[in-house]
Amino acid sequence: MDLGTRYSPEKIEAYWYERWVESGYFSPKGSGEPFVIVIPPPNITGRIHMGHALNMTLQDILVRYKRMRGYDVLWVPGEDHAGIATQNVVEKNLESQGINKKDLGREKFLEIAWDWTGKYRNEIRRQVKALGASVDWTRERFTLDQGLSRAVRKVFVELYNKGLIYRGEYMVNWCPRCKTVLSDEEVEHKEHESKLYYVKYPIKGTSDFIVVATTRPETMLGDTAIAVHPKDERYEHLVGKVAILPILNRELPIIADEYVDPEFGTGAVKITPAHDPNDFEIATRHNLSSIAIFDEEARVNESGSKYEGLDRYEARQKILIDLDEGNYLEKVEDLIHSVGHCYRCGSAIEPRIMDQWFVRMKPLAKKAIEVVERDEVKFFPSRWKNVYLKWMYEIRDWCISRQLWWGHRIPVWYCDRCGETIASEDDVDTCPKCAGPLRQDEDVLDTWFSSALWPFSTLGWPERTEDLNRYYPTSVLVTGFDIIFFWVARMIVMGYEFMHDKPFSDVYIHQLIRDKQGRKMSKSLGNGIDPIDMVEKYGSDPMRFTLAILAAQGSDIKLDERNFETYRRFANKIWNATRFVLMNLKDFEECDISNLKLVDMWILSRFQKTVEDVSTAIENYEFNVAARSVYEFFWNEFCDWYIEAVKSRLESSERRLVQNVLVKVLDGSLRLLHPFMPFVSEELWQKLPVSSESIVVAPWPEVDENLIDERAEKDFRVIMNVVRGIRNVRSEMNIPPKKPLKIFVVGEGFDEEEKDYIMVLAQAAQILEASRKPSSCVTAYFDHVREIYVELDNISLKTEIQRLKKKLEKLIHEKERYSNKLKDSKFLNNAPREAVERAKEKLLNAEERVKTVKRILDDFA
């Protein structure tokens, strides 16, 4: 039962994790109701961030809780190949060595990418273990492993054969830095300070002109028309006429289209079908030609005349100079507008018309909409349901081809001899139609294509494996709001299409972690907090508990590193409380818990309520409520009240009874803490005389209704309030903590047991009954049946009144300060949740102290 004098997480965490893995505790037992989670696979692009740590902590709380409840738990780990992200970092790494991807060639580049994969998958494993995640490592998967690659090909070919995957020429989002297409969801829109340029287009055969407002004058090289609204009277006379494109002298028809906003700019817009999605739609309706003016690097191509070879921004400046010199530039205005950027490299995207592969989403989305409308798949918090449905109602076809080398290569082959196109699950090299040679499509699939299959491909599909039969559908998905469209929606779509069942029942959307000022964490701001650094500094358990207690549904987390220090102190408290109990168990023997005293009945009843509160909160994904409940119980009720109240009884004939109550409550508390703080709970639980194999597989505490005692809770609550009142008087009157006090009770008295508690907890020497308030006393507590007074001796009444009046002024000022702070919407909206809670606690404390000082002054009057 020996336990070190201090909590040292570095000594216990690695030891216990390896023990758990070796013992097979993280693998499903094969019996009981299944509870299954597939981990949102981290990208193999480096270290995990605090969002990953939150995500894994919340999943692990669920998994450890369900395992202790007797469920057949499976938590599948894995990593995502992250096509565009990984190719980016590998390319940058090569560039830093002076190596160009193109010089290497595809095969050599892929060899290097696979080496990167091996290194960073190991790094991710190390980090996941450091967080204490109880995943089943025997079932680890990777989105490019052989089994998942087979699943990807099967899905592609089946959808292709059904006509749900097709190749077509459409306007797509092009990243000139990554040189690949991006889906609409992969484009991040950011507000930019820009300019609105007013350009004069001459009207053919006249001296008139029409003024067009544009944010991108460089794209005028690809203009094929000018459009106005059909009901715009200003331009009725010009519809059907021809304008002349400045500089290039191209003739442009002036057309009418209802898409045009008469209120924007001049109400006339230039139409550049090859470089704007809305213009593309207008051109389709009016049968306009399309002129592409940029190459894959966003440089002007041969269609740009004298501007050929210029970068798009260089071309803009040169064109503006030429427009100004030709008297075509009427004016320039400041404008703030939204510009799409690549979600990986941050470059401004360039709309382009290209041949790409698409998935027809409308027919696939029907079932995925219905099940969420009917709550067969539930979102927590529920507001995300409407976000999901709004997007699904307006869903567009999904562009799935990417111009990359790293990823699942599209399983389509072309015969240049006869023009045949073949989609195949297996590699093919000869055309079945003409026996000619075949070449495979150069593109790879969008990363999210393989991720969409994750809930069933990780369980062995397309084989009907035992795991697939037993563990699909999974139970819950824990993920961030930013990938509801990327991932959640597509998993639901693919689950119904290929498994004819939902992939999970619940979707818990966790919080976004911001810095203490409410700003998004980013490299540019330098405000990120590395979770592994926090583990090394404070321990995994304090970090996990911090994230859990801050994870209120529907609220972002404003994270301050000081939060980790707070819950490191909690881990110390758990350690020291357990150490105290163990030091008093040298002669421990189990016995029936009967002939309980009030404080014993109180703590056992409070423990039952805490078990119920924590269990209900976890079931409802209210992780902060669960963490707060066990924290308040352990620190405030068990440590600060029960242990303090029974210390003297450990030296009496009641020693064995108290020992058993202490062990019973500590045992149950460590089990409640285990999902949140797995390492310290295991280390301490193993020292208890009632421990067994491992707390990981120990039963979750069950509520014992026979131990719920409302009367005991009510009676001991009175004692607690009396003790607090006496302590407040001691504090406000500057009475030394160890100085024994004389207490008087007017009204209903206390029995001997209750007096003992008050004397021990309030450091009272005597508790006497009186018929009325004695002289030289101040009020500590009163209710409808009794009044409690503390005798003051050897005080100067005049001096004390002056001192207390000054103190009252300061306390009233403090109360008003916190009251105003909590009325300030700016503080409430922007401050970290913990700061708001601290302000509330300080307000309550100030209010209580004001009442106490006022009561004392009234007593002196």
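Helices here are DSSP runs of H or I with at least four residues, numbered from the N terminus. By that numbering, Lys842 falls in helix α26. The model is a predicted one. The points below cover charged surface patches, salt bridges and cysteines.

**Charged surface patches**

- Arg817, Lys821, Arg838 and Lys842 make up a positive patch on the surface.
- Two helices, α24 (797-821) and α26 (833-860), each contribute at least two residues to the positive patch.
- Lys842 has a relative accessibility of 42%, so this residue is classed as partly exposed.
- A negative surface patch consists of Glu612, Asp613, Asp704 and Glu705.
- Within the negative patch, Asp704 sits in the loop that runs between α21 (678-685) and α22 (710-732).
- Asp704 is classed as partly exposed because its relative accessibility is 31%.

**Salt bridges**

- The whole structure contains 69 salt bridges.
- One of them pairs the side chains of Asp145 and Arg141, at 3.0 Å from N to O; Asp145 and Arg141 are both buried.
- Arg569 and Glu565 are also joined by a salt bridge, with an N to O distance of 4.0 Å.
- Helix α17 (residues 561-583) holds both Arg569 and Glu565, which are 4 residues apart, or about one turn of the helix.
- Arg569 has a relative accessible area of 42% and is partly exposed; Glu565, at 32% relative accessibility, is partly exposed as well.
- In the salt bridge between Asp715 and Arg711, the closest N and O atoms lie 3.1 Å apart.
- Asp715 and Arg711 are 4 residues apart in helix α22, so about one helical turn separates them.
- Asp715 is partly exposed, at a relative accessible area of 22%, whereas Arg711 is exposed, at 59%.
- Elsewhere, Arg216, Glu218, Arg312, Arg316 and Glu350 are linked into one network by salt bridges with shared partners.

**Cysteines**

- The number of disulfides is 0, where a disulfide requires two cysteine sulfur atoms within 2.5 Å.
- For Cys434, the closest cysteine sulfur belongs to Cys415 and is 3.4 Å away, so the two are too far apart for a bond.
- Cys434 is partly exposed, with a relative accessibility of 24%.
- Cys777 has a relative accessibility of 2% and therefore counts as buried, the limit for that class being under 20%.

Conventions: Residues numbered from 1 in each chain as written. Predicted model: local features only at pLDDT ≥ 70, side-chain atom pairs only at ≥ 80, totals over all residues. Heavy atoms only, no water. Patch = residues over 30% accessible without salt bridge, like charges linked within 9 Å, V, L, I, M, F, W, Y side chains within 5 Å. Areas by Shrake-Rupley, 256 points an atom, 1.4 Å probe, with all protein chains shown as cover. Lys, Arg positive; Asp, Glu negative; His and termini not counted. Charge placed at Lys NZ, Arg CZ, Asp CG, Glu CD. Buried < 20%, exposed > 50% of the residue type's maximum accessible area, 1.4 Å probe, protein only.
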